[in-house]
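Here are my notes on the model you sent over, as numbered points. Keep the viewer open while you read.

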Amino acid sequence: MRIDVVTIFPEYLAPLDLSLVGKARARGQLDVRLHELREFTHDIHRTVDDTPYGGGPGMVMKPEPWSAALDAVVASGPGEGAVPTLVVPTPSGRPFTQELAQQLAAEPWLAFAPARYEGIDRRVIEDAADRMPVVEVSIGDYVLAGGEVAVLVIVEAVARLLPGVLGNAESHQDDSFAPGRMADLLEGPVYTKPAEWRGREVPEVLLSGHHGKIARWRRERAFARTLAHRPDLVARWRREDMDKHDLKA
Ligand code: 6GU
């Protein structure tokens, strides 16, 4: 997968060199290219923002640098009409979910347009949408100072779904929120050695070797945890799914 990110803070994305995403890049599974928005300005101050029409606090990102940057990203692609799916992080976007992560992971090429200030002039998004798929995405109900951290979140969630990036191809099927078997269910607690630590014992059933009992216990803990932390998910549970959740022992 190819990923382009246009930003005024390329340094903010330095973590993309690390860990899972960094290794995927080193292996050639992920081709990440960062572009500095200010390179697409022409004035001495390299201006990317201006005051909002209609008044109000804060500044709005100007259209010209963004359109020039996005044109350059498209032009740097494989050609033959290929365009990226443009992901625009914004608190007013649609919620980022595991399902959306899976959809994005199926795309060959993503471009990200993280904004600072009060956002990007709306016409940039409309103009881009005439040429490429655009999805505006929020990573939660809080406001960040800019979209760069959201890019890190989205890229990490997508990268770990790419074929060959995770060691165990099955390991994300049991993730909290994965559609299918684990939809709407949070994962329960996990344990490793030693079997007793600071007077606390690992639940006996996990040492029993009884796969059926272990699966049932994990299901119960997952239900309890979801009830405690996400009653909104419990409201989506359906009777007929209740028995499908025998988590693999
Ligand atoms: Cl994607 N961007 C910003 N700036 N704030 C957010 C967000 C995104 N998602 C939640 N809050």
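1. One cut-off first, since several points lean on it: a residue is called exposed if 12 or fewer other C-beta atoms lie within 10 Å of its own, buried if there are 20 or more, and partly exposed in between. Take Gly28, which sits in the loop between H1 and strand E2 (31–36). Gly28 has 7 C-beta neighbours inside 10 Å, so it counts as exposed. Its C-alpha is 9.8 Å from that of Arg2, a residue 26 positions away along the chain. Bear in mind throughout that this is a predicted model.

2. Now the overall picture. The protein has 7 helices and 9 strands, and its C-alpha trace spans about 70 × 40 × 40 Å along the principal axes. Of the 249 residues, 24% are buried. If you look at contacts with a separation of 6 or more, 75% of them are between residues 24 or more positions apart.

3. Next, the domains. The assignment splits the protein into domain 1 (2–159) and domain 2 (173–249). Their C-alpha centres lie 36 Å apart.

4. Have a look at Gly167 too. You'll find Gly167 in the loop between helix H5 (148–159) and strand E8 (196–197). Is Gly167 buried or exposed? It is exposed, because just 6 other C-beta atoms lie within 10 Å. Gly167 and His45 are 122 residues apart in sequence, and their C-alpha atoms are 47 Å apart in space.

5. That loop between H5 and E8 also holds Pro194. The peptide bond leading from Lys193 into Pro194 is cis, with omega near 5 degrees. I'd point this one out to anyone going through the backbone.

6. On to the core. The largest nonpolar core contains 43 residues, and those with the most contacts inside it are Ala113, Val151, Ile154 and Val155. Several elements each supply at least two residues of this core, among them strand E1 (2–7), helix H2 (63–75), helix H3 (98–105) and H5. Which element gives the most to this core? That is H5, with 8 residues. As for Val151, leaving aside neighbours within four places in sequence, it is in contact with Val5, Leu13, Pro89, Phe112 and Pro114.

7. Then the ligand. There are 13 residues around it, and those that come nearest are Pro89, Pro91, Ser138, Leu144 and Ala150. Pro89 is thus among the nearest residues to the ligand and also one of the contacts of Val151. Strand E5 (85–95) and strand E7 (134–138) each supply at least two residues of the shell, and E5 has the largest share, at 3 residues. What classes of residue make up the shell? It has 8 nonpolar and 5 polar residues, and no charged ones.

8. How does the database record line up? UniProt, in an unreviewed entry, places a "binding site" feature at Ile139, Gly140, Asp141, Tyr142, Val143 and Leu144. Leu144 is in that UniProt feature and is also one of the residues that come nearest to the ligand in the model.

9. Two of those annotated positions deserve a closer look. Gly140 is in the loop between E7 and H5, and so is Leu144. Gly140 is exposed, because 11 other C-beta atoms lie within 10 Å. Leu144 has 17 C-beta neighbours inside 10 Å, so it counts as partly exposed. Beyond its neighbours within four places in sequence, Leu144 is in contact with Val149 and Ala150. Ala150, like Leu144, is listed among the residues that come nearest to the ligand.

10. Last, two backbone angles to check. Ser19 has a phi near 55 degrees, a positive value in a residue other than glycine. Ser19 is found in helix H1, and it is exposed because 11 other C-beta atoms lie within 10 Å. Tyr117 has a positive phi as well, near 60 degrees, and again the residue is not glycine. Tyr117 lies in the loop between E6 and H4. Where does Tyr117 fall on the exposure scale? With 16 C-beta neighbours inside 10 Å, Tyr117 counts as partly exposed.

Key: Residues numbered from 1 in each chain as written. Predicted model: local features only at pLDDT ≥ 70, side-chain atom pairs only at ≥ 80, totals over all residues. Helix = DSSP H or I, 4+ residues; strand = E, 2+ residues; numbered from the N terminus. Contact = placed C-beta atoms within 7 Å. Near = placed C-beta within 6 Å. Nonpolar A, V, L, I, M, F, W, Y, C, P; charged D, E, K, R; others polar. UniProt positions renumbered as here; feature names shortened; annotations may be inferred. Core = buried A, V, L, I, M, F, W, Y, C linked by C-beta atoms within 7 Å. Domains from an automatic or database assignment.
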